[in-house]
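Work through these exercises with the structure open beside you. Try each task before reading its solution.

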Amino acid sequence: MNETARHRRLWGAACAVINLFLKYRFNYTYEEVPLTTPCLVVANHSCSCDGMMLAMSFRKHHLHFVTSEHLFRMGFFTRAFRYLFALIPRKKGSSGMDTAMACMRKLRAGESVCIFGEGETTWDGKTMPIFSSVGTMAKYGGASLVTYRIEGGYLSVPRWARHTRRGQVHGRAVGIYSPEELKGMSQEEIMNIINRDLAVDVWQQQKDAPVAFKGKALAENLETALFLCPKCNRLGTLCTKGDFILCSCGLNLRFTEHGFFEPATPFETIAQWDEWQLRQFDEGDYPSFSDDWVTFSQVSDDHGTTNIAHGRLMFSDGSIGVEGHRFPLDQITDMGIVRADRIIFTFEDKYYEWIAKKPRCMRKYVLAWNKAKARQTGDPTVQT
C-alpha cells in the first residue's frame with residue numbers, strides 16, 4: 001500500500017479518535033464541510049490544536065496539512081504523525097518557496113491541501129494578515145477555496161500558556177469558492193476575501209458573548225509573549241505565578257477565566273498590551289538584552305539537529321548569538337518563531353535555531369532583527 005492510500009484509509013479512524021479527545025478536553029464543536037472535489041483550505045491559526053480541530057469538518061475529505069518543520073524532529077511522534085497523516089513541511093525562518101511549490105503540485109494533481117495562512121499562531125488573540133502566496137495558490141491551483149475559521153481556540157490553548165483550558169471552541173467553513181469564481185477574481189480580491197473570512201477578535205467576542213475558559217495557573221508563561229512592563233517600561237522584568245503577571249516595580253495583574261486583566265489598567269487585554277509594547281520597541285532604543293539557558297543548534301535538510309553551544313543568548317552591537325557564535329542582523333536572511341520557545345533562522349543558506357530551556361520571551365530578538373531589516377530594505381514584513 002502506497003503512502004497516499006494508507007493515509008486515506010487511516011484518515012477516518014484517526015479523526016474519530018481525535019474527535020473524542022477534542023470534545024472532552026476543549027468542548028469542541030464543528031460543522032462538516034459538504035465538499036467532495038479537491039480544495040485548498042485556508043484557516044486562521046488560533047492555537048496548536050487547530051489542525052486536529054479543522055480535520056473534524058473534513059472527516060470524509062482527506063487533506064495534506066502544511067506543518068512547521070520542527071514537527072519532523074520529534075522522534076516517535078514524528079513517525080506516528082507521518083504514518084497517519086499527509087504532511088507538507090514548512091521551514092519557518094526561510095523563504096517558504098519550496099512549500100508553496102509542493103502545495104501547488106498537490107492541488108494540480110487533484111489532492112486537497114490545508115494551510116494556516118498566518119504562518120504562525122496568534123500571540124494576542126487577533127488574526128494576523130494572511131501571506132500573499134496563499135492568494136497565488138488559490139487563484140492558480142485549480143481547486144476550490146475553503147475559508148475556515150476556528151473561534152475559541154486562542155483562550156483554550158494560548159500560544160504562550162503552560163496549561164490548556166476548557167471553554168467553548170467551534171470550527172466552521174465561512175466560505176466555499178469554486179475554481180470558476182476564483183478565475184474571475186484578481187489576486188487582490190481573493191486576498192481580501194480570505195482576510196475578511198478569517199478575521200477573529202477574541203476580545204470583542206468575549207465582550208459580546210462572554211465564555212469562561214477554566215484551567216489552572218492561567219497566567220503562567222505569559223512573560224514569553226509580553227516583554228515590556230507598562231508601569232516601569234523596563235524590558236525583561238516580567239514574571240508570572242498562577243493567575244498573576246508581576247514585575248519588581250509593583251505591577252500586579254490577574255488574568256481571569258474570561259481572558260481579561262484585573263484591574264483593567266493600564267490594559268484590559270493582551271492585545272492592547274501587545275500593541276503598546278510593539279510600538280514602544282519599534283520607536284525606542286534597546287541597544288542590548290540577553291537571556292540565559294539557551295541552546296544553539298544547526299538543522300540539516302533531512303531534519304537532523306546538531307547541538308553547537310549552550311549558554312546566554314545576547315543581542316548587542318547589531319548582532320545576535322550564543323557564546324562565540326554571533327550573527328550580524330543584516331546578514332540573517334530570514335527568521336521566525338516556533339511555538340514560544342525557539343527561534344529558527346537562515347544564515348548563508350544554512351538553517352539554525354536557538355531554543356530557550358526556561359520560559360523566556362524570544363520575540364524581542366525577532367523584533368530586533370525586523371527593525372534591522374526595515375532599515376536595510378524598507379520592508380518590515382516579519383510577523384512576531
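A residue counts as buried when its relative accessible area is under 20%. The model shown here is predicted.

**Exercise 1. Check the length of helix H10 and list its buried residues.**

Step 1. Helix H10 covers residues 270-283, which makes 14 residues.
Step 2. At 1.5 Å a residue, the helix should span 20 Å.
Step 3. The end C-alpha atoms of H10 are 20 Å apart, so the expected span and the model agree.
Step 4. The buried residues of H10 are Ile-270, Ala-271, Trp-273, Asp-274, Trp-276, Gln-277 and Phe-281.
Step 5. An α-helix has 3.6 residues a turn, so residues three or four places apart point the same way. Keep that in mind as you look along the helix.

**Exercise 2. Find the largest nonpolar core and the helix that gives the most to it.**

Step 1. The largest nonpolar core has 59 residues.
Step 2. Those with the most contacts inside this core are Phe-261, Ile-270, Trp-273, Met-335, Phe-345 and Trp-354.
Step 3. Helix H11, residues 363-377, gives the most to the core, with 6 residues.
Step 4. A separate second core holds 27 residues, including Val-33, Met-53, Ala-55 and Val-169.
Step 5. In soluble globular proteins, nonpolar side chains tend to be buried together.

**Exercise 3. Give the strand order of the open sheet of 7 strands, and say which strands stand at its edges.**

Step 1. The order is E15-E14-E13-E12-E18-E17-E16, and the pairing is antiparallel.
Step 2. E15 (325-328) and E16 (332-338) stand at the edges. Each has a single partner strand, so one side of each lacks a neighbour in the sheet.
Step 3. From one strand to the next, the twist averages 30°.

**Exercise 4. Trace the pairings of E12, E13, E14 and E18, with a residue pair for each.**

Step 1. Start with E13 (residues 305-316) and E14 (residues 319-322): 4 bridges join them in the antiparallel sense. Here Met-314 stands opposite Gly-321.
Step 2. Move to E12, residues 288-299, which pairs with E13 over 10 bridges, again antiparallel. Thr-295 faces His-310 across this pairing.
Step 3. Look at the hairpin of E12 and E13, with 5 residues between the strands. In this hairpin, His-303 takes a positive phi near 75°.
Step 4. Finish with E12 and E18 (residues 350-356), an antiparallel pair with 6 bridges. Ser-297 stands opposite Glu-353.
Step 5. In a regular strand the side chains alternate between the two faces of the sheet.

**Exercise 5. In which sense does E7 pair with E1, and in which with E6?**

Step 1. E1 (residues 28-30) and E7 (residues 169-177) pair in the parallel sense over 3 bridges. Tyr-30 is opposite Gly-171.
Step 2. E6 (residues 144-151) and E7 run antiparallel, joined by 7 bridges. There Glu-151 has His-170 as its bridge partner.

**Exercise 6. How many disulfides are there, and why is Cys-47 not bonded to Cys-49?**

Step 1. A search of the whole structure finds 0 disulfides.
Step 2. The cysteine sulfur closest to that of Cys-47 belongs to Cys-49, at 5.1 Å.
Step 3. A disulfide needs sulfur atoms within 2.5 Å, so 5.1 Å is too far for a bond.
Step 4. Cys-47 is buried, at 1% relative accessible area.

**Exercise 7. Are His-64 and Lys-364 buried or exposed, and what do their side chains meet?**

Step 1. His-64 lies in strand E3, residues 64-68. At a relative accessible area of 3%, His-64 is buried.
Step 2. The His-64 side chain makes a polar contact of 3.2 Å with the side chain of Glu-111.
Step 3. Lys-364 is in helix H11 and counts as buried, at 3% relative accessibility.
Step 4. A polar atom of the Lys-364 side chain lies 2.6 Å from the backbone oxygen of Cys-361. Cys-361 is itself buried, at 5%.

**Exercise 8. Which residues of Ile-115 and Val-42 or Asn-370 and Leu-329 are far apart along the chain, and what separates their C-alpha atoms?**

Step 1. Ile-115 and Val-42 are 73 residues apart along the chain, with C-alpha atoms 5.2 Å apart. Ile-115 lies in strand E5 and is buried, at 8%.
Step 2. Asn-370 and Leu-329 are 41 residues apart along the chain, and 8.7 Å separates their C-alpha atoms. Asn-370 lies in helix H11 and counts as buried, at 12%.

Methods:
Residues numbered from 1 in each chain as written. Predicted model: local features only at pLDDT ≥ 70, side-chain atom pairs only at ≥ 80, totals over all residues. Heavy atoms only, no water. Pairing = 2+ DSSP bridges. Helix = DSSP H or I, 4+ residues; strand = E, 2+ residues; numbered from the N terminus. Core = buried A, V, L, I, M, F, W, Y, C linked by side-chain atoms within 4.5 Å. Buried < 20%, exposed > 50% of the residue type's maximum accessible area, 1.4 Å probe, protein only. Polar contact = N/O pair within 3.5 Å; in protein donor to acceptor, adjacent residues only side chain to side chain. Expected span 1.5 Å × (residues − 1). Axes fitted to C-alpha atoms, helices over the stretch in contact; angles between N-to-C directions.
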